[in-house]
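The following report walks through selected features of one structure, moving from the surface to a sheet, a ligand site and the charged pairs.

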Amino acid sequence: MQSHTYSATASFVSAPSGDPYKYQVGFGNRFASEAIPGTLPQGQNHPQKNKYGLYMEGMTGSPFVAPRPQNLHAFLYRIRPSLDHKKFIRLPDSPDMESNFLPINPKVHISPTQLKWAPPPFPSSSDEVDFIAGLKTIGGNGEPTAREGLALHIYLANADMKNKAFCNSDGDMLVVPQQGRLDVQTEFGRMMVRPGELMVIQKGMKFTVSLPDGPSRGYVQEIFGSHFELPDLGPIGGHGMANPRDFEVPLASFEIDEMHWEVFYKIGGQLFSAAQDHTPFDVVAWQGNYVPYKYAMEKFIFVGSVSKDHIDPSVFTVLTAKSKATGIPLVEVLTVSERWNVASDTFRPPYYHRNNATEILCFISGERGGRYVPGGIALQTVFCPHGPSPEVHKAAIVEELKPERISKGSMAIAIETPMILSMTDYAMNRAGTVVESEPLSFPPDFIAHLDEINADLKAAGYEELKKKSD
Ligand SMILES: *[C@@H]1O[C@H](CO)[C@@H](O)[C@H](O)[C@H]1NC(C)=O
Ligand SMILES: [Fe+2]
């Protein structure tokens, strides 16, 4: 089994340490890359004949007539077209993967409260579970054929995909490893993705994953509708939060192999496979703006209050995706890590809230006071009341406020969606430990102040307050 990788070299590239690959940088650019000089046609996309007999294949990520800023495409010049494959075979449903989150599906459940999961265990070393076989769905909204909705999965893998590739026609996948790097080969080239980085593979792009560090666990946010975008910056101006130049896009890289490969497809929540006698990763040159990419979250530039009060957590947004309703996101992916808190005269912990949002925290590293563990998940469903414990509240209203490093040495991603999520059987029964929040009771300090309040009311000429009793 001999195979060789031929990669492009380019001048405008980043080469982060610990990552053997080079990248082009930018977000939403029209990128171009060729692994053999001169293989990308100049001045046109479809010459009568391509150099070295390459086949031309186009790919769109938006309707042809989408306005320019949303118009997404790629042109690939490859050894064989993707069309060269054997018959599609329908595969049985994966027991732990779910795509239909409508409440009429008996396999999904609504939970009214806060939920917390311990890190789900890795498969035992006697089972070989690759990235795709190890995908398990926690919850989601909608379903993929209506092209609106999302799914949150975790993956637990201990084996390389070898000669298997995956192609998701249902949704873009934002992947965040929590343990172990992912060595990802795509039609556009290769990416090494480590914990602390996120990667996006958009709909219809083939990829395969190997595990250079052994077992890997992480989170996958799949969106069925739109694509991820950078949030608008409004009054922040032209820079800050996730800067476009910090996104990394692979360089063309191809192999010549005529081995047996299987490509797995997910379409409308159903799984199919098709065999082929050659690698799907045979693209010699490509150009376009519909591409896979990655981003190292420690590059995020935090924006926050430098006087008093909290700024809404939307300032932590790395990527956002639009819903079909104007002005309403389908989902926003936030990064939460070490930063300064300098707000004075401010209740510094999160204030008590009930939001038009399902909020999900996925923990990548760090301890966070022992309450959360890397690999775990915490979820607050829409309008579910939450906030600090009575003890934290008591301490926070008297603490001396100094500039403080917070979330020290830790990193999490937060997923915020204004959609109602239903949870899977896997999440509620098989993921290991799921715990509902413990009931809390808070001292009503206001009532202890009744005499003082009544004296003030009386002095101001108002009627006194009386406690009701039965
Ligand atoms: C949140 O607000 C938007 C806009 O008002 C609305 O479309 C959406 O349904 C709301 N979400 C929830 C969970 O109520
Ligand atoms: Fe919250």
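## Surface, sheet, ligand and salt bridges

V342 has a relative accessible area of 32% and is therefore partly exposed. The model discussed here is a predicted one. V342 is placed in the loop between β27 and β28 (358-365), and together with V306 and W340 it makes up a nonpolar patch on the surface, the three residues offering about 340 Å² of accessible area together.

Strand β27 leads on to the sheet. Eight strands form an open sheet with antiparallel pairing, in the order β19-β26-β27-β30-β28-β29-β9-β32. At its edges stand β19 (228-229) and β32 (434-436), and because each of them has a single partner strand, one side of each is left without a neighbour in the sheet. Strands of a sheet pair through backbone hydrogen bonds, either parallel or antiparallel. Within this sheet, strand β26 (residues 317-322) and strand β27 (residues 329-341) run antiparallel and are joined by five bridges, with K322 standing opposite P329 in β27.

Ligand 1 is surrounded by I328, N356, V382, F383 and P418. Two of these residues also appear in polar approaches to the ligand: an N or O atom in the side chain of N356 is 2.2 Å from an oxygen atom of ligand 1, while a polar backbone atom of P418 is 3.0 Å from a nitrogen atom of ligand 1. On its own the ligand has 360 Å² of accessible area, of which the protein covers 52%.

The remaining part of the report concerns charged side chains. Side chains of opposite charge can pair when their charged atoms come close. The structure holds 24 salt bridges, among them the three in the table.

| Salt bridge | Closest N and O atoms |
|---|---|
| D19 with K294 | 2.7 Å |
| K136 with D96 | 2.8 Å |
| R430 with D96 | 2.6 Å |

What does the salt bridge between D19 and K294 tie together? D19 lies in the loop between β2 (13-14) and β3 (23-25), whereas K294 lies in strand β25 (residues 293-296), so the pair connects parts that are 275 residues apart in sequence. D19 is buried, with a relative accessible area of 11%, and K294 likewise counts as buried, at 1% relative accessibility. The two residues also belong to a network of salt bridges that links D19, R194, E197, K294 and E298.

D96 takes part in a salt bridge with K136 and in another with R430. K136 is in strand β10 (residues 135-143) and D96 in the loop between β7 (88-90) and β8 (108-109), so this pair ties together parts that are 40 residues apart in sequence. The pair of R430 and D96 links distant parts of the chain, since R430 belongs to helix α2 (residues 425-430) and D96 to the loop between β7 and β8, 334 residues apart.

Are the residues of these pairs buried or partly exposed? D96 is buried, with a relative accessible area of 13%, and K136 counts as buried at 18% relative accessibility, whereas R430, at 43% relative accessibility, counts as partly exposed.

Terms used. Residues are numbered from 1 along each chain as its sequence is written. Chains are lettered from A and ligands numbered from 1 in the order in which they are written. This is a predicted model: local features need pLDDT of at least 70, side-chain atom pairs count only at pLDDT 80 or more; totals for chains, interfaces and linings use all residues. Side-chain values use heavy atoms; hydrogens and water are left out. Two strands pair if DSSP finds at least two bridges between them. Helices (H or I, at least four residues) and strands (E, at least two) are DSSP runs, numbered from the N terminus. Patches are made of residues with over 30% relative accessible area and no salt bridge: like charges are joined within 9 Å, nonpolar side chains (Val, Leu, Ile, Met, Phe, Trp, Tyr) within 5 Å. Accessible areas come from the Shrake-Rupley method with a 1.4 Å probe; for residues, only the protein chains shown count as cover. A salt bridge is a side-chain nitrogen of Lys or Arg within 4 Å of a carboxyl oxygen of Asp or Glu. Buried means under 20% relative accessible area, exposed over 50%, partly exposed in between (1.4 Å probe, protein chains only). A residue is near a molecule or strand if one of its heavy atoms lies within 4 Å of it. A polar contact is a pair of N or O atoms within 3.5 Å; within protein, one must be able to donate a hydrogen and the other to accept it, and residues adjacent in sequence count only if both atoms are side-chain atoms.
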